[in-house]
Amino acid sequence: MRVLEPQHFSKRPDKASKDNTVKIKPISMLVIWFIVFGIFASAGIYFVALQQIKPIDSTNSSATLPEPAIIEPKATTLKQFTGNEFRDLFRTMFYPNTDTLSADFSITGDTDLDQRIRTVAEARGYLPTSIPVSAIVRIENEPRLGLDDLLQPLAADSYRSLRDNARRAGFPISSTSAYRSPEAQRDLFMARLLASVGSLEQLRISDDTAIEQTLSLAAPPGYSRHHTGYTIDLWCEDGSTAFLLSSCYQWISADNYKNAKEYGWIPSYPEGTELQGPEPEPWEYVWVGDAVRG
C-alpha cells in the first residue's frame, strides 16, 4: 500500500547552496530559539490541561463532574417463565447472522395449496423464521446427527457446555437434529402430509383436517425454528424410548428448566402454551443466551 505523506511535506526543497545561505547573527538566533521553546512549552501545558477536562451537561448550570462509573457484576438470577412467556421470549429475540426467509418459499408446488397451508399454520401460532447468512459450525461427537449437524457458533458453544456438564452429572444427553434447511424441512413436512391425506389431489378437495394434523407435529418449510441454527433436538442415551420419559428430561426441565437456562437454552415448544404452532415438544430447545437472566 502506498504511504501518503502529509501534504505539508509532499514537496521537499532542495538543499540550499552556499551562495544562497542566509547568515543569522548569534543574538537573533538566541531570540528565535527562545520563541520556539516558548511555543512548545505552551502547547505542552495546554495538552496536559485538556486531559483533565471532563464533559458536563452545559444545560445544567449546577452540574458537577461525574463520579467514576461503577460496573455491576453480571446478574446470576434466572428468570421464571410460564409457557406463554417462554413463547413470547423467543418471539422478541433478534438473532445475529440470520436473515428472513422469503415468505413465498414453495411447500407443495401449488400456489393455492401453499397459501392455504400457511394460513392454517399462522392461525396455530407458527411464525415465519430466518436462516443463516454466513457459515455456521459443525457439532462434533454426535453420532445421532446426520446432515443437520450444524449450529450457529454461539449456540454450538453453549450446547457443548450443556451436554458435557450433563454427562458429567450422569445424564447422557445427545442431539438428533440441529440446523435444518428449508428444503429438508419441506421433505419432512410433505412426507407427513402425504401420509395423512394420500395425495395433493385429495388434499385439494378435502377440508383442513390433514393439514391440521400434520401441523400439530411439524412446521411447514419457512416456519421451523431449526432454520435459524439456534435450535436443537435432544435425546438421552439412558435406554429411554422417548426424551419425555428419560432421566435427561427430568434433569433439564426441573425447577422451570433451570439446567437449560444456565446455558442460555429454553424449551422451544413447552407445555401450557397457547398458539405456539405444534403440540408441546419436550425434546426441542432454542438458544436465547442471557435473556433468561434477571
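Which side chain does a polar contact of 2.6 Å join to that of S240? Keep that question in mind and start with the whole chain.

**Before you start**

This is a predicted model: local features need pLDDT of at least 70, side-chain atom pairs count only at pLDDT 80 or more, and totals for chains, interfaces and linings use all residues. Residues are numbered from 1 along each chain as its sequence is written, and side-chain values use heavy atoms, with hydrogens and water left out.

**Stop 1: the whole chain**

Show the chain as a cartoon. It has eight helices and eight strands. Helices (H or I, at least four residues) and strands (E, at least two) are DSSP runs, numbered from the N terminus. Of the 294 residues, 39% count as buried. Buried means under 20% relative accessible area, exposed means over 50%, and partly exposed lies in between (1.4 Å probe, protein chains only). Now think about contacts, meaning heavy atoms within 4.5 Å. Among contacts with a separation of 6 or more, 73% are between residues 24 or more positions apart.

**Stop 2: strands β5 and β6**

Select residues 173-177. This is strand β5, and four of its five residues are buried. Next add residues 231-236, strand β6. The two strands run antiparallel, and four bridges join them. Two strands pair if DSSP finds at least two bridges between them. Pick out S174: its bridge partner in β6 is W235.

**Stop 3: S240**

Move on to S240, in the loop between β6 and α8 (247-261). Back to the opening question: the side chain of D238 makes the 2.6 Å polar contact with that of S240. A polar contact is a pair of N or O atoms within 3.5 Å; within protein, one must be able to donate a hydrogen and the other to accept it, and residues adjacent in sequence count only if both atoms are side-chain atoms. Is S240 buried or exposed? S240 counts as buried because its relative accessibility is 17%. Show its surroundings too. Leaving aside neighbours within four places in sequence, S240 is in contact with W235, L245, S246 and S247. W235 is the β6 residue you met as the partner of S174.

**Stop 4: strands β7 and β8**

Select residues 265-269, strand β7. Five of its five residues are buried. Four bridges join β7 to β8, and the two run antiparallel. Find W265, then look across to W287 in β8, which stands opposite.

**Stop 5: the largest pocket**

Select F90, L127, P128, T129 and S130. Of the 19 residues lining the largest pocket, these lie nearest its centre. On a 1 Å grid over the protein atoms alone, a pocket is an open set of points with protein on both sides within 12 Å along at least five of seven lines, and lining residues have an atom within 4 Å of a point. The volume is about 350 Å³. Grid points are joined across faces, edges and corners, and a volume is the space filled by probe spheres set on the points.

Which strand gives the most to this lining? β1 does, with three residues. α2 (83-92) and β1 (98-100) each supply at least two. By class, the lining has nine nonpolar, seven polar and three charged residues. Ala, Val, Leu, Ile, Met, Phe, Trp, Tyr, Cys and Pro count as nonpolar, Asp, Glu, Lys and Arg as charged, and the others, Gly among them, as polar.

**Stop 6: G222**

Go to G222, in the loop between α7 (209-215) and β6. G222 is buried, with a relative accessible area of 8%. Not counting residues up to four places away in sequence, G222 touches L101, L127, P128, T129 and H227. Draw a distance from its C-alpha to that of S130. The two residues are 92 apart along the chain, yet these atoms are separated by 7.6 Å.

**Stop 7: the second largest pocket**

The second largest pocket has a volume of about 300 Å³. Select R192, L217, A218, E281 and W283, the closest to its centre among 19 lining residues. α5 (182-197) and β8 (281-287) each supply at least two residues of the lining. By class, this lining has eight nonpolar, four polar and seven charged residues.

**Stop 8: two asparagines**

Finish with N97, in the loop between α2 and β1. Its phi is near 60 degrees, a positive value in a residue other than glycine. N97 is partly exposed, at 22% relative accessible area. Then select N141, between β3 (137-138) and β4 (150-151). Phi of N141 is also near 60 degrees. N141 counts as exposed because its relative accessibility is 62%.

Conventions: 1 Å grid on protein atoms, 1.4 Å probe; cavity = no way out; pocket = protein on both sides within 12 Å on 5 of 7 lines; lining within 4 Å.
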